[in-house]
Amino acid sequence: MKRVIAAAALILTALPAFADQAKVEGATARKSGNTWTFEVTIRHPDTGWDHYADGWAVLAPDGRQLGYRTLHHPHENEQPFTRSLSDVKIPADISQVQIRAHDSVHGWSDATYTVTLR
């Protein structure tokens, strides 16, 4: 019985480490001249400086990073939240990009969000 209680305690103390990854809920792209501006909405259960969504990237279809937006502070009272990134250069032969969120504990999210460039 002591082993069961010890195992349960160990599992319960580890649960915060498995909190949700940052998720891109939506994104838009707008071309201006030769560059693009992206507006990206992220949701993440930020808990403060120890665990928060700290950035997102614009990725080419081959996974190459075309742009990165650093998020400089937690947004625990603003969920979801939207931030923009301007002056992203996208090669003319690319018609879709992926947006991937990052958080300070889990790193890169497993999920991406596809944006079709028009």
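1. Surface first. In this predicted model, the protein chain has an accessible surface of about 7,400 Å², and carbon and sulfur atoms account for 52% of that. Of the 118 residues in the protein chain, 37% are buried.

2. On the fold: you'll find 1 helix and 8 strands in the protein chain. The order along the sequence is α-β-β-β-β-β-β-β-β, with the helix leading and the strands following. Taking contacts with a separation of 6 or more, 55% of them in the protein chain are between residues 24 or more positions apart.

3. Now the charges. The structure has 3 salt bridges. One of them pairs Arg43 with Glu25 through their side chains, at 2.6 Å from N to O. Arg43 belongs to strand S2 (residues 35-43) and Glu25 to strand S1 (residues 23-32), so this pair links distant parts of the chain, 18 residues apart. Arg43 is partly exposed, because its relative accessibility is 36%, between the 20% and 50% cut-offs. Glu25 is partly exposed too, at 35% relative accessibility.

4. Another salt bridge joins Asp62 and Arg64, whose closest N and O atoms are 3.5 Å apart. Asp62 counts as exposed because its relative accessibility, 57%, is over the 50% cut-off. Its partner Arg64 has a relative accessible area of 41% and is partly exposed.

5. Glu78 and Arg83 make a salt bridge as well, with their side chains meeting at 3.2 Å, N to O. Glu78 is partly exposed, with a relative accessibility of 34%. Keep Arg83 in mind, as it comes up again below.

6. The residue I'd look at with some care is Asp46, in the loop between S2 and strand S3 (53-59). Asp46 is buried but has no salt bridge. Which side chain of opposite charge is nearest to Asp46? That would be Arg83, 9.0 Å away. A salt bridge needs the nitrogen and the carboxyl oxygen within 4 Å, so at 9.0 Å Arg83 does not make one with Asp46.

7. What does the side chain of Asp46 meet instead? There is a polar contact of 2.5 Å between the side chains of Asp46 and His44. A polar atom of the Asp46 side chain also lies 3.0 Å from the backbone nitrogen of Ala53.

8. As for the wider surroundings of Asp46, set aside its neighbours within four places in sequence. Asp46 is then in contact with His51, Tyr52 and Ala53, and also with Pro74, His75, Glu76 and Gln79.

Conventions: Residues are numbered from 1 along each chain as its sequence is written. This is a predicted model: local features need pLDDT of at least 70, side-chain atom pairs count only at pLDDT 80 or more; totals for chains, interfaces and linings use all residues. Side-chain values use heavy atoms; hydrogens and water are left out. Helices (H or I, at least four residues) and strands (E, at least two) are DSSP runs, numbered from the N terminus. Buried means under 20% relative accessible area, exposed over 50%, partly exposed in between (1.4 Å probe, protein chains only). Contact means heavy atoms within 4.5 Å. Accessible areas come from the Shrake-Rupley method with a 1.4 Å probe; for residues, only the protein chains shown count as cover. Lys and Arg count as positive and Asp and Glu as negative; His and the chain ends are not counted. A polar contact is a pair of N or O atoms within 3.5 Å; within protein, one must be able to donate a hydrogen and the other to accept it, and residues adjacent in sequence count only if both atoms are side-chain atoms.
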